[in-house]
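Trainee: Please take me through the charged pairs of this chain, and then through the surroundings of the pair that reaches across a loop. I would like the criteria stated wherever a term depends on them.

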Amino acid sequence: IHDAHPADPDAACKALVRAYGRAGFLKLAVSDGKVRPDVRSLALCREILARHHGLADFAFAMQGLGSGAISLFGTVEQKREWLPRVASGEAIAAFAMTEPECGSDAANMATSAMLDGNEWVLVGEKTYISNGGIADFYVTFARTGEGEGARGLSAFIVPAESVTVEERIEVIAPHPL
């Protein structure tokens, strides 16, 4: 990316993620579920990318943030399904925590999840979702009622086809939001 304000940040972000995957860079940000990425290498890579363009760093960092809960707490099946695809740049990750009424205050989150037969049904609204609209999946936090405050939350992997994006949020620095 050479343009400080790409005309299409969504396309630019997708292209960056694919290029990072092909080059093997995403292995610095995405755990394979067994070995965590080296923090020093991760920091150096982010510093170099950010020096060249904020969107370059953003595209890289979001792959790690969006898949972090899976690598730390996912099932073996979830790790096998998603982590190699995120590390190769084949799948774009998103992290859905922030809500319109409480920001990123997890203890006051209103989105809920209820078990309906064998499936979880999530009801709620999220905002300021980085990679919103371009992600292949959203790690989404919802209240399951198992405890007070943040203790009553669970994370869910929500495929993009199950998400409705209502609006794009324009910000000064271009990125998918």
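Trainee: Which residue forms a salt bridge with Arg85, and how far apart are the closest N and O atoms?

Mentor: The partner of Arg85 is Glu90, and the closest N and O atoms of this salt bridge lie 3.1 Å apart; the term requires a side-chain nitrogen of Lys or Arg within 4 Å of a carboxyl oxygen of Asp or Glu. This is a predicted model, in which local features need pLDDT of at least 70 and side-chain atom pairs count only at pLDDT 80 or more, while totals for chains, interfaces and linings use all residues. Residue numbers start from 1 along each chain as its sequence is written, and side-chain values rest on heavy atoms, with hydrogens and water left out.

Both members of the pair are partly exposed, Arg85 with a relative accessible area of 26% and Glu90 with 47%; on this scale buried means under 20%, exposed means over 50%, and partly exposed lies in between, with a 1.4 Å probe and protein chains only. Side chains of opposite charge can pair when their charged atoms come close. Searching the whole structure gives four salt bridges, and two others are worth setting beside this one.

One of them joins Arg46 to Asp57, with the closest N and O atoms 2.7 Å apart. Arg46 belongs to helix H2 and Asp57 to helix H3, so this pair ties together parts that are eleven residues apart in sequence; helices (H or I, at least four residues) and strands (E, at least two) are DSSP runs, numbered from the N terminus. The two ends of this bridge fall into separate classes of accessibility: Arg46 is partly exposed, at a relative accessible area of 34%, whereas Asp57 is buried, at 12%.

The helices H2 and H3 also appear in the interior of the model. The largest nonpolar core has 42 residues, and those with the most contacts inside it are Tyr20, Phe60 and Phe137; such a core is a set of buried Ala, Val, Leu, Ile, Met, Phe, Trp, Tyr and Cys residues joined through side-chain atoms within 4.5 Å. Two or more residues of this core come from each of helix H1 (9-23), helix H2 (39-52), helix H3 (54-73), helix H4 (76-87), strand S1 (93-96), strand S4 (137-143) and strand S5 (153-159). Helix H3 gives the largest share, eight residues.

The other bridge is the one that involves your loop. Glu99 pairs with Lys126, and their closest N and O atoms are 2.9 Å apart. This pair links distant parts of the chain, with Glu99 in the loop between S1 and strand S2 (112-116) and Lys126 in the loop between S3 and S4, 27 residues apart. Glu99 and Lys126 are both buried.

What else does that second loop contain? Glu125 is found there, between strand S3 (119-123) and strand S4 (137-143), and Glu125 counts as partly exposed at 49% relative accessibility. Tyr128 has its place in the loop between S3 and S4 as well, and its phi is near 50°, a positive value in a residue other than glycine; at 48% relative accessibility, Tyr128 counts as partly exposed. Asn131, which is found in this loop too, likewise has a positive phi although it is not a glycine, here of about 75°, but Asn131 counts as buried, with 0% relative accessibility.

Ser130 is a further residue of the loop between S3 and S4, and its relative accessibility of 16% makes it buried. The C-alpha atoms of Ser130 and Ala94 are separated by 6.1 Å, although the two residues are 36 residues apart along the chain. As a contrast in scale, consider Glu170, which lies in the segment after S5 and counts as exposed at 63% relative accessibility: the C-alpha atoms of Glu170 and Ile48, 122 residues apart along the chain, are separated by 26 Å.

To return to your question, then, Arg85 and Glu90 form a salt bridge at 3.1 Å, and it can be read alongside the buried pair of Glu99 and Lys126.
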